[in-house]
Amino acid sequence: SNAMHHVTRTATALSAPDLALQSPASKSQVHAIERLLLLADCYITTTENMSFQRSTPPHGASFQGDQYALQICCEQPRSDFALQVHSNETVLSLRQKIALRLSTTADYIQLHFNDQLLQTMNNYKLLRHMFIEDTNVIIARVLFNPTSNMTDTYNSMPSQRQTYWS
């Protein structure tokens, strides 16, 4: 109980300077705790960079983040728009928001950021872990639109048809 009180007081000293302990021993304890927290952060970040679907949100999603206003440039169909997202959202969430705006599904949205393809294996990474920040430009492309009318698609194709009847 006394040890727990001491650790709590030492950890609180980082955010509440009036409670800070002045002894050299307590300063070394604070540094030890800081190193432990940095190791824990490194471990969590490393394991969360593995590409697998989680049943719970990533640990980083519980941290305070920032609202981002991303500029989305869609090449096909041609459309530019601003999109409000949060730094702790996943790449998949970004895909879903863009898909909703373009009347398709996230499976058919291809994203490019900084001249690199954001592959689907990165879908469960947070935007901030992908270094996406406020006012960044994201290039989006719809690979196939399942909601489009197939007749329209056929009619828009270059005509290679020949008429065999007169």
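Within the largest nonpolar core of this predicted model, which has 24 residues, those that touch the most other members are L70, I72, L94, I98, L111 and I132. A nonpolar core is here a set of buried Ala, Val, Leu, Ile, Met, Phe, Trp, Tyr and Cys residues joined through side-chain atoms within 4.5 Å, and buried means under 20% relative accessible area, with exposed over 50% and partly exposed in between, for a 1.4 Å probe and protein chains only. At least two residues of this core come from each of strand 1 (67-76), strand 2 (79-86), helix 3 (91-101), strand 3 (109-113) and strand 5. Helix 3 supplies the largest share, five residues. In soluble globular proteins, nonpolar side chains tend to be buried together.

The model is predicted, so that local features need pLDDT of at least 70 and side-chain atom pairs count only at pLDDT 80 or more, while totals for chains, interfaces and linings use all residues. Residues are numbered from 1 along each chain as its sequence is written, and side-chain values use heavy atoms, with hydrogens and water left out.

**The chain as a whole**

The chain has four helices and five strands, where helices (H or I, at least four residues) and strands (E, at least two) are DSSP runs numbered from the N terminus. Read from the N terminus, these elements follow the order α-α-β-β-α-β-β-β-α. Of its 166 residues, 28% count as buried. The accessible surface of the chain, computed by the Shrake-Rupley method with a 1.4 Å probe and, for residues, with only the protein chains shown as cover, comes to about 11700 Å², and 56% of this belongs to carbon and sulfur atoms. Contact means heavy atoms within 4.5 Å, and among contacts between residues at least 6 apart in sequence, 55% join residues at least 24 apart.

**The sheet**

The five strands form an open sheet in the order 2-1-5-3-4, with mixed pairing; two strands pair if DSSP finds at least two bridges between them. Strand 2 and strand 4 are the edge strands, each pairing on one side only. From one strand to the next the twist averages 35°.

Strand 1 and strand 5 run parallel and are joined by five bridges, whereas strand 3 pairs with strand 5 in the antiparallel sense over four bridges. Strand 3 also pairs with strand 4 in the antiparallel sense, over three bridges. Some of the residues that stand opposite each other are set out below.

| Residue | Partner | Strand of the partner |
|---|---|---|
| Q71 | V137 | strand 5 |
| I109 | V142 | strand 5 |
| H112 | I139 | strand 5 |
| H112 | L117 | strand 4 |
| F113 | Q116 | strand 4 |

Four of the five residues of strand 3 are buried, so this strand is largely enclosed by the rest of the structure. The hairpin of strand 3 and strand 4 has two residues between the strands, and in this hairpin N114 takes a positive phi near 55°.

In a regular strand the side chains alternate between the two faces of the sheet. Strand 5 shows such an alternation, since I138, A140 and V142 point to one face and are buried, while V137, I139 and R141 point to the other and are not. Two of these residues, I138 and A140, are in contact with I72, which, leaving aside its neighbours within four places in sequence, also touches S79, D80, F81, L83 and I98.

**Helix 3**

Helix 3 lies across strand 1, strand 2, strand 3, strand 4 and strand 5, and runs at about 140° to strand 2; for this angle, axes are lines fitted to C-alpha atoms, for helices over the stretch in contact, and angles run from 0 to 180 degrees between N-to-C directions. The buried residues of the helix are V91, L92, S93, L94, R95, I98 and A99, and these pack against the five strands named above. S93 is buried because its relative accessible area is 18%. In space S93 and L126 are 9.3 Å apart, C-alpha to C-alpha, although 33 residues separate them in sequence. Helix 3 is followed by S103, which has a positive phi near 60°.

**The loop before strand 5**

N136 belongs to the loop between strand 4 (116-118) and strand 5 (137-142). The side chain of N136 reaches the backbone nitrogen of E133 at 2.5 Å. Not counting residues up to four places away in sequence, N136 touches L70, Q71, F113 and F131.

Notes: A polar contact is a pair of N or O atoms within 3.5 Å; within protein, one must be able to donate a hydrogen and the other to accept it, and residues adjacent in sequence count only if both atoms are side-chain atoms.
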